[in-house]
Amino acid sequence: MVVSEIKSPLSFSGTPGGCSSASVHRKELSVFFIESDNRRLALGRGYTGGTTPVNIHGKPIANLSKTGGWIAAFFIFGNEMAERMAYFGLSVNMVAFMFYVMHRPFESSSNAVNNFLGISQASSVLGGFLADAYLGRYWTIAIFTTMYLLGLIGITLGASLKMFVPDQGNCDQLSLLLGNCQPAKSWQMLYLYTVLYITGFGAAGIRPCVSSFGADQFDEKSKDYKTHLDRFFNFFYLSVTLGAIIAFTLVVYVQMEHGWGMAFGTLAIAMAISNALFFAGTPLYRHRLPGGSPLTRVAQVLVAAFRKRNAAFTSSEFIGLYEVSGLKSAINGSRKIPHTEDFRWLDKAALQLKEDGLEPSPWKLCTVTQVEEVKILIRLIPIPACTIMLSLVLTEYLTLSVQQAYTLNTHIQHLKLPVTCMPVFPGLSIFLILSLYYSVFVPITRRITGNPHGASQLQRVGIGLAVSIISVAWAGLFENYRRHYAIQHGFKFNFLTQMPDLTAYWLLIQYCLIGIAEVFCIVGLLEFLYEEAPDAMKSIGSAYAALAGGLGCFAATILNNIVKAATRNSDGNSWLSQNINTGKFDCLYWLLTLLSLLNFCVFLWSAHRYKYRAVDTEDDKSRASL
């Protein structure tokens, strides 16, 4: 075996944030980098030239100028816009559908929708895994977007055919309030839940892959790559916002004028059109080869590190830290990742000893790049974890704010705005912020921060979390005023009757603030995860954001159940009573304010400690400095 030492500059062992004095005094493991010619196919797949794009057949693209770029990205935008149109259309309308048509209580309807929201986001980890491991992003999107369409068709049939809904006769508003309407049969609810969760599961392959696949269309070697990437994620979220605005306006209008079946059918038609556009753009797309199972590589690192937990770096058996020779890594579609000094216990997985022999098993010896992939995944976790709280607040807004709006006057002069249209205002604020982002926000913040892009990705996430605290605090203040107003003016037990002298447009303040928070936090997070994730784990990185969103939805359900159990009195009422005027939604908002504030402090600590990926080329260094 031919072994040669790789010289590792000191810059590799640190990060832009610097390193602790303790790590300076201890022996840096990067000096033990070694290369070997013997294990290029150790992972069973060989390796390719870094992140070189290929066509749909896996062959190198002869002329990159004819593929990718903004034209290809716009075909991809449509798929995400339709998915979010369906997502938000169901999130708002399904609560009302279950209450008014399936005759389910608000409580169980809200929890069912929260679970749908959670599944549609948390299952993104599976989609990200399949994309990075076996299918690639294109085929993952193709398969799951078809599944999404089938689920929407099932929901449309369930709302259109009388056999799938209970009898609507003799069911007026009073009967609904008293719970005297004929309840849905168990098999009817089973059918509805099945098609609803099939739809949610269909999002598993769309959510983590669309943003990454769109970003793949831009040339990393271009001097404008960072600018294109920055603008791409803003336009990407703009398409998400347009989907939400259509869901909260057009779909609601169709429902009011033509019924539930046509409303859900509109979502299915939009998804079908977006699927056709996505497939039509196939010749233009640039693809990245899947790099093999990321979970297998993670497991190999953990097993190898555990096996060598007692081995010492100073042992006479120690040869060096293992890495393959040349500029290419042993992982399909991934460049080499320089060694870092944190999580030193994981370095045991790359610890090459004489006893390993010439052809060691990857479950006993891993490359440095493979170990660094695991380090990056661990290092990333705290940042998206801190956005779970924002997702929790957004989920509560989607359900609680609708209940608030039912008690308020939604007229604009002679125009009555449907209650289910109220969530359109966060979308409008997001649209406005994204439209003014480069002309207003970036120039102002550039003077303050010195960053050519106005604010770094983590700074934008922090701004979003800070604004969300203000939003939920205002929600608590207004709900306290609204509840007392209802009691004082004789509306205590009429929680589905609008109070003519109290306008619903006070809700716009919390809506617009949470929209601003979402722009800064989610867009910054998506860009941060895409740039920081390992080359062969981009979809897994994007899935972190979706997983955080899903956990926020599940956390909302858990929090609601805890609050109901802890605050229920002898009369059966709690903070979250079905009658919003006898409940105390304002106390829940204050609790969310406190939790959001604590979460923000944790984020500041995590962001301060975060170490950016080491870079090994001048181009990468210049991009990272931005």
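Phe213 is buried in this predicted model, because its relative accessible area is 2% and a residue counts as buried when that value is under 20%. The ring of Phe213 forms an aromatic pair with the ring of Tyr138, and the two rings lie 6.2 Å apart, centre to centre, with an angle of 55° between their planes, an arrangement described as tilted. Tyr138 belongs to helix α5, which covers residues 124-160, while Phe213 belongs to helix α8, which covers residues 207-215, so the pair ties together parts of the chain that are 75 residues apart in sequence. Tyr138 also counts as buried, because its relative accessibility is 5%.

The structure holds 33 aromatic pairs, and another of them can be followed in the same manner. The ring centres of Phe97 and Trp260 are 5.4 Å apart and the ring planes stand at 70°, so this pair is edge-to-face; the reasoning rests on the cut-off that planes over 60 degrees apart count as edge-to-face. Phe97 sits in helix α3 (residues 69-100) and Trp260 in helix α10 (residues 260-280), so that distant parts of the chain, 163 residues apart, are linked by this pair. Are these two residues buried or exposed? Phe97 counts as buried because its relative accessibility is 2%, and Trp260, at 16% relative accessibility, counts as buried as well.

The two pairs are set out here.

| Pair | Centre to centre | Angle of planes | Arrangement |
|---|---|---|---|
| Tyr138 and Phe213 | 6.2 Å | 55° | tilted |
| Phe97 and Trp260 | 5.4 Å | 70° | edge-to-face |

Aromatic residues also come together in a group, since one aromatic cluster is formed by Trp70, Phe74, Phe77, Phe218, Phe232, Phe233, Phe235, Phe236 and Tyr530. In other places a ring is met by a charge: the charged end of Arg84 sits over the ring of Tyr87 at 5.9 Å from the ring centre, and the charged end of Arg309 sits over the ring of Phe306 at 4.0 Å from the ring centre.

The chain as a whole gives the setting for these details. The protein chain has 20 helices and 8 strands, and 59% of its 626 residues count as buried. Where contacts join residues at least 6 apart in sequence, 86% of them join residues at least 24 apart. The accessible surface of the protein chain comes to about 25,500 Å², and carbon and sulfur atoms account for 65% of that surface.

Conventions. Residues numbered from 1 in each chain as written. Predicted model: local features only at pLDDT ≥ 70, side-chain atom pairs only at ≥ 80, totals over all residues. Heavy atoms only, no water. Phe/Tyr/Trp six-rings, centres within 6.5 Å; stacked < 30°, edge-to-face > 60°. Helix = DSSP H or I, 4+ residues; strand = E, 2+ residues; numbered from the N terminus. Buried < 20%, exposed > 50% of the residue type's maximum accessible area, 1.4 Å probe, protein only. Lys NZ or Arg CZ within 6 Å of the ring centre and 35° of its normal. Contact = heavy atoms within 4.5 Å. Areas by Shrake-Rupley, 256 points an atom, 1.4 Å probe, with all protein chains shown as cover.
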